[in-house]
Amino acid sequence: DKSADKSDSKDSKQEKIKKLGQKKEVVKEKDTSVSAKESSETITNEESKPKVDKIESPPKKDAPMTKIKLKECKTAKKEKEVDAKDSPDKTKKVDQKSKDELIKEGKTKLEEKPKKVTKSVDMIKKEAEANTEKDNDEIEIIEETIKKKDIKAKDDDDDIEILEEKIVVKKDLQAKLKKHRERLEEIKKEKLAALKALRKEKEELGKDKEKKVGHSDRHTFFYKDRVFPAGWFIKVVIRSNRKQSDSYYYPPCRTILRSRLEVRNFLRGTLPPKPVKKKLLPMKYVDMPFKEDLSKDDLEFTQTFDKAFFAKCKKSPTKTK
């Protein structure tokens, strides 16, 4: 009997499992239909739909937990059926509500549209005015920068002109300096040449002093002439050009006779004597050389007198002492 009861219980369990499998397939089909409906509805309907708990399938391997899981599956199935019966009415109500709300929202939007348009135009005008003001400010800033640049350019041009003038002045000064330096070099050369000439003259004078006779200095010399009467001597002064000379004739009374005519007048007695008080001779009369003893250079500056000149002067009466 016990074995028969066990076999009956096994058969009944297998039948129950088959029925549960069929019910699960039916539930899956319903779930797919519900999901399709939910996807077609709006977002508002999705929010208003009730949430359906998923049916947990019983575990296949755990044999001791089968009875508890079967009970849970049955309860979940019953709840799902109840929800499926109630859901069409709820969705309809939600759909109606959503339609009314959409109509109201559309009316309010239509009413509000012209106001928004007017506001947008005003805003656009204000923005345009603000943009124009900004543009004007930018334009003013750009004009100011351009003016500053123009001023800088003018200043630069003025500076360039000043620099050009300075360059011209500098060039003129450099040219003048060159001329001045050239002139200084020329003067230096002239001075050097003059110094050389002076040195040569000094050397010549040193030589002349050794050779020449009767010289008191470089330009003057004294001599006696045998044609003149006793006591007479002649002083010769050479000019700076060393080409001409002046002769002065002195009788024993030491009056100065500057030409032949004065000598003739003095000898005839028409010219009174005027003796000089100053010392004339740098040397003694006895030490004076004769004309023949002078050098060739000094002889060129002397003058010749004949005996006939003095004979003519003696024929006329004389008043000399």
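## Strand pairing and nonpolar core in a predicted model

Ile234 stands opposite Tyr249 in β3. This register pair belongs to a predicted model, and the report follows the pair outward, to the sheet and then to the nonpolar core.

**Sheet**

Three strands make up an open sheet in the order β1-β2-β3, with antiparallel pairing. Strands β1 and β3 lie at the edges with a single partner strand each, so one side of each has no neighbour in the sheet. From one strand to the next, the twist averages 20 degrees.

Strand β1 covers residues 220–223 and strand β2 residues 233–238, and four bridges join the two. Between β2 and strand β3, residues 245–250, there are six bridges. The residue pairs that stand opposite one another across these strands are set out below.

| Residue | Opposite residue | Strand of the opposite residue |
|---|---|---|
| Phe221 | Val236 | β2 |
| Ile234 | Tyr249 | β3 |
| Lys235 | Tyr248 | β3 |

The hairpin of β2 and β3 has six residues between the strands. Which residue in this hairpin takes a positive phi? The residue is Arg242, with a phi near 60 degrees.

**Nonpolar core**

The largest nonpolar core holds 18 residues, of which Phe221, Phe228, Trp232, Tyr249 and Val263 touch the most other members. Two or more residues of this core come from each of β1, β2, α4 (260–268) and α6 (307–315). Two of the residues in the table, Phe221 and Tyr249, are thus named again among the core members that touch the most others.

Which residues does Phe228 contact once its neighbours within four places in sequence are left aside? Phe228 is then in contact with Ile234, Tyr249, Phe305 and Phe310. Both residues of the opening pair, Ile234 and Tyr249, are therefore among the contacts of Phe228, where contact means heavy atoms within 4.5 Å.

**Whole chain**

The protein has six helices and three strands. From the N terminus on, the order of elements is α-α-α-β-β-β-α-α-α, which places the three strands between two groups of three helices.

Of the 321 residues, 15% count as buried. The exposed area of the protein is about 27,200 Å², and carbon and sulfur atoms supply 55% of this area. Considering contacts between residues at least 6 apart in sequence, 49% join residues at least 24 apart.

Conventions: Residues are numbered from 1 along each chain as its sequence is written. This is a predicted model: local features need pLDDT of at least 70, side-chain atom pairs count only at pLDDT 80 or more; totals for chains, interfaces and linings use all residues. Side-chain values use heavy atoms; hydrogens and water are left out. Buried means under 20% relative accessible area, exposed over 50%, partly exposed in between (1.4 Å probe, protein chains only). Accessible areas come from the Shrake-Rupley method with a 1.4 Å probe; for residues, only the protein chains shown count as cover. Two strands pair if DSSP finds at least two bridges between them. A nonpolar core is a set of buried Ala, Val, Leu, Ile, Met, Phe, Trp, Tyr and Cys residues joined through side-chain atoms within 4.5 Å. Axes are lines fitted to C-alpha atoms, for helices over the stretch in contact, and angles run from 0 to 180 degrees between N-to-C directions.
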